[in-house]
Amino acid sequence: MAQLSDDCFAFGGPMMSVDEAVRLIAARVSAVADVETVRLAAADGRVLAAGIAAPLPLPPFTNSAVDGYAVASGDLPQTDARAFALSGRVQAGASAQAALKPGEAMRIFTGAPMPDGADTVFMQEDVRLEHDKVVLPAGLKPGANVRPAGEDIPLGHVALPAGQRLRPQDVALAAALGLTELAVVRRLRVAVFSTGDELVSPGERRAAPQLFDSNRFMLMAMLRRLGCDVSDLGILRDERTALAAALRNVAAAHDLILTTGGVSTGEEDHVKAGVEAVGKLVLWRMAIKPGRPVAMGIIEGTPLIGLPGNPVASFVTFVHVVRPTVLALMGARQEPLIALPVRAAFTYKKKLGRREYVRVNLRETHDGAREAVKFPREGAGLLSSLVDTDGLVELGEQVARVEPGQTVGFLSYANLM
């Protein structure tokens with residue numbers, strides 16, 4: 001079972017910065033210890049449990065990088081073109097039948113092993129054939145167009161580190177090393193609740209003052225993109241005793257509990273009291289907009305994160321609180337969110353000391369630059385502002401105002417999950 005240490009909650013008072021929150025999570029969370037073996041074809045998105053040292057060099061033999069003619073560097077023409085006798089051919093997947101002799105050239109194809117005695121390859125488009133000879137131009141450097149054994153990955157080198165969240169290119173590297181199975185951390189088990197009497201699930205009868213629950217489905221989709229096994233536990237009503245019992249009942253079977261709504265300080269916001277009845281919680285006030293408040297706690301060793309009920313705030317805080325928590329619980333290396341510099345096409349004023357996120361679309365300007373255009377409305381309850389934009393402009397704590405033409409940092413939605 002993944003756990004969050006109690007001293008994680010030895011704070012209160014002033015709001016935490018986003019960077020402080022991420023560092024705190026990474027330092028305090030203990031990753032799940034369970035490991036399982038999966039087939040290579042099923043490894044995408046999983047977290048590697050142990051580093052993989054290359055059992056063979058890549059490439060495993062020195063080979064030609066092009067279709068052409070292999071020669072010895074000692075025979076390279078220096079000033080004028082020179083004719084070489086052809087001594088055979090070697091195709092990819094085969095070996096030369098004899099070593100190359102001085103003054104000879106051998107026809108060779110991309111990926112074919114270099115014949116003994118050869119260390120340089122002329123590209124076929126740079127030569128000409130004359131009867132049974134090939135004329136090679138002067139000026140080629142020794143070793144050109146050859147891929148040495150181990151050029152990509154040396155034998156014994158750590159090709160994939162522990163904690164790597166595997167991508168298609170990582171799976172390809174494992175396949176190139178001849179691996180058929182990988183040891184990975186088991187999938188994180190996450191329980192997801194929504195809270196509030198005002199919510200009903202899609203497909204249920206909705207009373208006039210109620211809303212269809214959207215956050216739960218957004219958060220479950222984001223968790224699955226991170227490789228989690230998700231338990232959809234529906235909607236908890238605004239009754240703290242029942243809420244507390246539901247949270248306690250799921251704690252032992254899950255590595256993380258995620259709720260949305262009910263974490264503010266209103267009379268009908270019961271998550272805080274419900275968690276305190278069965279565990280430990282400190283209301284986490286994070287200096288972020290949209291996003292405040294966020295709650296974090298422990299129930300019988302299982303961490304709980306309570307996100308705001310407004311969908312944009314829930315999305316933004318998932319990215320900056322839940323995502324690093326999930327990666328830490330998986331034992332995955334933290335993946336920094338690197339903002340792309342773009343040009344602002346809007347004016348914006350914000351408070352110092354708080355990080356803010358502005359929903360924008362990107363467009364190309366007449367000079368080829370990328371320009372961020374602000375969504376015309378700012379409400380944290382506007383799902384259309386997430387659907388109809390390309391990503392978020394991140395404005396740091398030291399920024400007070402943005403003017404058109406200023407460089408700002410852009411985070412694409414595609415890179416946030």
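**Exercise 1. Where is Glu 300 found? State its phi and decide whether Glu 300 is buried or exposed.**

Solution. This is a predicted model.
- Step 1: place the residue. Glu 300 lies in the loop between β22 and β23.
- Step 2: read the backbone. Its phi is near 50°, a positive value in a residue other than glycine.
- Step 3: check the surface. Exposed means over 50% relative accessible area. Glu 300 has 52%, so Glu 300 is exposed.

**Exercise 2. Treat His 131 in the same steps: find its loop, its phi and its accessible area.**

Solution.
- Step 1: His 131 sits in the loop between β10 and β11 (133–136).
- Step 2: its phi is positive, about 60°, although His 131 is not a glycine.
- Step 3: its relative accessible area is 85%, so His 131 is exposed.

**Exercise 3. Find the order of the strands in the open sheet of 6 strands. Then name its edge strands.**

Solution.
- Step 1: write the order. It is β9-β6-β8-β7-β11-β10, with mixed pairing.
- Step 2: find the edges. β9 (120–123) and β10 (128–130) each pair on one side only.
- Step 3: add the twist. Neighbouring strands of this sheet are turned by 40° against each other on average, direction ignored.

**Exercise 4. Describe how β8 pairs with β6 and with β7. Is β8 largely enclosed, and why?**

Solution.
- Step 1: take β6 (residues 68–71). β6 and β8 run antiparallel, joined over 3 bridges. Ala 70 stands opposite Met 106. Tyr 69 stands opposite Arg 107.
- Step 2: take β7 (residues 82–90). β7 and β8 pair in the parallel sense over 4 bridges. Here Arg 89 stands opposite Arg 107.
- Step 3: recall the rule. Side chains in a regular strand alternate between the two faces of the sheet.
- Step 4: apply it. Glu 104, Met 106 and Ile 108 point one way, Ala 105 and Arg 107 the other way, and all are buried.
- Step 5: conclude. Since 5 of the 5 residues of β8 (104–108) are buried, the strand is largely enclosed by the rest of the structure.

**Exercise 5. Which residues of helix α2 are buried? Show that they share a side.**

Solution.
- Step 1: list them. In α2 (residues 168–176), Asp 170, Val 171, Leu 173 and Ala 174 are buried.
- Step 2: look at the arc. They span only 160° around the axis, which puts them on the same side of α2.
- Step 3: recall the geometry. With 3.6 residues a turn in an α-helix, residues three or four places apart point the same way.
- Step 4: find the partners. The buried residues of α2 pack against β13 (158–160) and β14 (181–185).
- Step 5: look past the helix. Just after α2, Gly 178 has a positive phi of about 85°.

**Exercise 6. How many residues has the largest nonpolar core? Which element gives the most to it?**

Solution.
- Step 1: take the count. The core has 45 residues. Leu 223, Phe 318 and Val 326 are among those with the most contacts inside it.
- Step 2: name contributors. Elements giving two or more residues include α1 (18–28), α3 (215–225) and α6 (311–330).
- Step 3: pick the top one. α6 gives the most, with 12 residues.
- Step 4: zoom in. Leu 223 touches, among others, Val 190, Cys 228, Leu 258 and Phe 318.

**Exercise 7. Locate the cis peptide bonds before Pro 59 and Pro 290.**

Solution.
- Step 1: the bond from Leu 58 to Pro 59 is cis, with omega near -10°. Pro 59 is in the loop between β4 (52–53) and β5 (63–64).
- Step 2: Lys 289 and Pro 290 are joined by a cis bond, omega about -10°. Pro 290 is in the loop between β21 (288–289) and β22.

Key:
Residues are numbered from 1 along each chain as its sequence is written. This is a predicted model: local features need pLDDT of at least 70, side-chain atom pairs count only at pLDDT 80 or more; totals for chains, interfaces and linings use all residues. Side-chain values use heavy atoms; hydrogens and water are left out. Buried means under 20% relative accessible area, exposed over 50%, partly exposed in between (1.4 Å probe, protein chains only). Two strands pair if DSSP finds at least two bridges between them. A nonpolar core is a set of buried Ala, Val, Leu, Ile, Met, Phe, Trp, Tyr and Cys residues joined through side-chain atoms within 4.5 Å. Contact means heavy atoms within 4.5 Å. Axes are lines fitted to C-alpha atoms, for helices over the stretch in contact, and angles run from 0 to 180 degrees between N-to-C directions. The arc is that of the directions from the helix axis to the C-beta atoms.
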